[in-house]
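Here's a quick briefing to read alongside the model. Have the sequence and the 3D view open, and we'll go topic by topic.

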Amino acid sequence: MHVAIIMDGNGRWARERGLPRQAGHRAGAKAVRRTVESAARLSVDCLSLYAFSSDNWSRPRDEVSHLMWLLRRYLQSEISRCVENGIRLNVIGRRDRLNPEIVSIIERAEATTAGGKGMLLRIAVDYSSRDIVALS
């Protein structure tokens, strides 16, 4: 079974609670961990998280920086958890517009988790329906 989730609404969630948008994005990142754990427990074969579309580059610079910081932090903190649970990580989308440090972290995460025999966790970053993206 393949489950795909478009990660949207974190800013609205924060606004409804009188919090800054960044608080909503942090809460969304915490929800990702619970979602990944639940999907793996339920024997989902592939979980695709549409995390950052190419349209998101037009958001305020501070917000984009925070989202990239969250991506970097998530990848660094979750690699070992993925390995422990046999989860294979694959990031799809354009990498040419990402900070080289983030690309390096993505490549390391993919290589480190490549032997996973459980769920495939696919994260879409800088994706667009206007781009042709090969899914591997």
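For a helix, the expected span is 1.5 Å times one less than its number of residues. Keep that in mind for α3, whose 24 residues reach 35 Å from first C-alpha to last, close to the 34 Å expected. One thing up front: this is a predicted model.

**Helix α3**

- Despite that span, α3 has a kink of about 45°, centred on E78.
- Just past the helix, α3 is followed by G86, which has a positive phi near 70°.
- As for packing, α3 lies across β2, β3 and β4, and its direction is at about 160° to β4.

**The sheet**

- What order do the strands take in the sheet? Reading across, it goes β1-β2-β4-β3, an open sheet of 4 strands with parallel pairing.
- β1 (2–6) and β3 are the edge strands, and each has a single partner, so one side of each has no neighbour in the sheet.
- On average, neighbouring strands are turned by 20° against each other, ignoring direction.
- β1 and β2 pair in the parallel sense over 5 bridges.
- If you want a spot to look at in β2, try Y50, the bridge partner of I6.

**The nonpolar core**

- In soluble globular proteins, nonpolar side chains tend to be buried together.
- Here, the largest nonpolar core has 28 residues, and V36, L75, L121 and I123 have the most contacts inside it.
- Which elements supply at least two residues each? On the helix side they are α2 (21–41), α3 (61–84) and α4 (100–113), and on the strand side β2 (46–53), β3 (88–92) and β4 (120–127).
- The biggest giver is α3, with 8 residues in this core.
- I123 is a handy residue to centre your view on: leaving aside neighbours within four places in sequence, its contacts include L49 and A51, Y74 and L75, and also L89, N90, V91 and I92.
- So L75 turns up twice, among the residues with the most contacts inside the core and as a contact of I123.

**Out at E16**

- E16 lies in helix α1, which covers residues 10–16.
- Is E16 buried or exposed? It's exposed, because its relative accessible area is 64%, and the cut-off for exposed is over 50%.
- E16 and Y127 are 111 residues apart in sequence, and their C-alpha atoms are 28 Å apart in space.

Key
Residues numbered from 1 in each chain as written. Predicted model: local features only at pLDDT ≥ 70, side-chain atom pairs only at ≥ 80, totals over all residues. Heavy atoms only, no water. Core = buried A, V, L, I, M, F, W, Y, C linked by side-chain atoms within 4.5 Å. Buried < 20%, exposed > 50% of the residue type's maximum accessible area, 1.4 Å probe, protein only. Contact = heavy atoms within 4.5 Å. Bend = angle between axes of the 7 residues up to and from the residue. Pairing = 2+ DSSP bridges. Axes fitted to C-alpha atoms, helices over the stretch in contact; angles between N-to-C directions.
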